Each structure stands twice: as C-alpha cells, then as structure tokens.
Amino acid sequence: MQWPKLRKSRETDNSPLAKRLRRLADKLDELPAKDALRVRQARELEDQQRKAALDLHQKCRSLVTTLNGMLERMILQYAPESFDPDRIFAVSETLFQINANGRLIQVVIHSPENGPSTEHFYIPYVLKASIRWFNQDLLDRDQVQENHLFYCVGRGASGWRYFDPRSRRDGPADDEFFADALEQLL
C-alpha cells in the first residue's frame, strides 16, 4: 500500500511569495512593540517638556521671592504666580513676566518640539523659550534685549541654556543669568 502524497504546508513552502508573506508577517508582529515604544517615548518627551516649563517658572519665581525678601522700598511683581505645566500643550506661547516698576523681563515659552531638536541650537533640546528685557529708555531707542533659551538634554545634565544671537555666546540659564538680565535694566 502506498501512502498518499501530502500537500506542502505553507510553512515549508519556499516560493518567493511565501518568503515575502513570512517577512511581512514578521514585520506586522513587530508593530505592537514599536507602537508601545513610540507611545512611551512621546510620554517621556512630554514629561521632559513639562518639567522644563515648570523649572523655568520656578527659576523666575525664586529670583523674585529672594529679591522681594531683601527689598525695603518696592516689591517685584511676578505673573503668573502659579503655573500649570500642561498649559504649554494648550497654547502656542506661554508668558512669564517680572515687573520692577516698569522694568520688565518677559520669558516666553514657545510651542513644544515633537522630539529632541538641534534646529536652532547645537545641543539637542526639547523646549525653546525667549527672554526679553526692556525699560522705557530701551523702548524709546527701539532696543529690546533678547536671548534664546533652550532646555537641553544629553551631554551631561539636562537644563536650561541661553544663546545670545548678537554675540553668539551661550551658557547656563541659571540664577546668575536671570539676575544679570534684571541688573541690565537699572
């Protein structure tokens, strides 16, 4: 008695179509893991952006609080007093302002990036801002001082850095940087 011939299963089929379909199936099986990774990376990016915006707000508020504790004849005003970091995703720009009797420092956070970028700064950054400072004398001369701020990631610790487009200088946007900006208005 002779056994009937069995058809080849698709698993052992070595035709070009079968190989192509196997590669396609393998790629499709990888999609859920890739999608989960993208979602996790997007959440991490948003968390970094929230942290950066909150950090910038706290730097400005800390400067105002410290100086107000030392001042005897005036009070610096800071707006907004409180800040919801989720707000940066709802509006195109977020403004913080320090007012010293008409001498203003304005910090504007721009729309968040879609990922780490080096488009405007040589160190990868996830959030971009601008700082402008001016008083009536500067306005009369049409001179508003402005630097760019970038929340950088990588190359050591994450943090805010400034870039002065006129002098091409950059450095950490720390308490001293903000104090220098305010001092230039006096």
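User: How many salt bridges does a search of the whole structure find?
Analyst: The model is a predicted one, and a pair counts here when a side-chain nitrogen of Lys or Arg is within 4 Å of a carboxyl oxygen of Asp or Glu. Searched as a whole, the structure yields a number of salt bridges equal to 9.

User: Which residue forms a salt bridge with Asp86, and which parts of the chain does the pair tie together?
Analyst: The closest N and O atoms of Asp86 and its partner Arg50 are 2.3 Å apart. Because Asp86 lies in the loop between β1 and β2 whereas Arg50 lies in helix α1, the pair ties together parts that are 36 residues apart in sequence. Asp86 is partly exposed at 38% relative accessible area, and Arg50 also counts as partly exposed, at 23%. The partner is therefore Arg50, and the parts tied together are the loop between β1 and β2 and helix α1.

User: What separates Asp35 and Arg38 along helix α1?
Analyst: The side chains of Asp35 and Arg38 meet in a salt bridge with an N to O distance of 3.4 Å. Asp35 counts as partly exposed at 39% relative accessibility, while Arg38, at 53%, counts as exposed. Being 3 residues apart in helix α1, Asp35 and Arg38 are separated by about one helical turn.

User: Which strands are tied together by the salt bridge of Glu146 and Arg132?
Analyst: The side chains of Glu146 and Arg132 meet at 3.4 Å, N to O. The two residues are 14 apart in sequence, and each sits in a strand, so the pair ties together β5, which holds Glu146, and β4, which holds Arg132.

User: Is strand β4 largely enclosed by the rest of the structure or largely open, and which strands pair with it?
Analyst: Of the 10 residues of β4 (residues 125–134), 9 are buried, so the strand is largely enclosed by the rest of the structure. Strand β3 (residues 103–110) runs antiparallel to β4 and is joined to it by 6 bridges, with Leu104 standing opposite Phe134. Strand β5 (residues 145–152) also pairs with β4 in the antiparallel sense, over 8 bridges, and there Gln145 is the bridge partner of Trp133. The answer is thus largely enclosed, with the pairing strands being β3 and β5.

User: Which peptide bond is cis, and what is its omega?
Analyst: Most peptide bonds are trans. The exception described here leads into Pro80, a residue found in the loop between β1 (77–79) and β2 (93–100). The cis bond runs from Ala79 to Pro80, with omega near -10°.

User: What is the phi of Asn101, and what is that of Arg168?
Analyst: Most residues other than glycine have a negative phi. Asn101, in the loop between β2 and β3, is exposed at 55% relative accessible area, and Arg168, in the loop between β6 (159–164) and β7 (169–172), counts as exposed at 59%. Although neither residue is a glycine, phi is positive in both, at about 50° for Asn101 and about 65° for Arg168.

User: Which residues gather in a patch of negative charge on the surface?
Analyst: One member of the patch, Glu183, is in helix α3 (residues 175–183), and with a relative accessible area of 54% Glu183 is exposed. The residues gathered in this patch are Asp174, Asp175, Glu176, Asp180 and Glu183.

Notes: Residues numbered from 1 in each chain as written. Predicted model: local features only at pLDDT ≥ 70, side-chain atom pairs only at ≥ 80, totals over all residues. Heavy atoms only, no water. Patch = residues over 30% accessible without salt bridge, like charges linked within 9 Å, V, L, I, M, F, W, Y side chains within 5 Å. Areas by Shrake-Rupley, 256 points an atom, 1.4 Å probe, with all protein chains shown as cover. Lys, Arg positive; Asp, Glu negative; His and termini not counted. Charge placed at Lys NZ, Arg CZ, Asp CG, Glu CD. Helix = DSSP H or I, 4+ residues; strand = E, 2+ residues; numbered from the N terminus. Buried < 20%, exposed > 50% of the residue type's maximum accessible area, 1.4 Å probe, protein only. Pairing = 2+ DSSP bridges.
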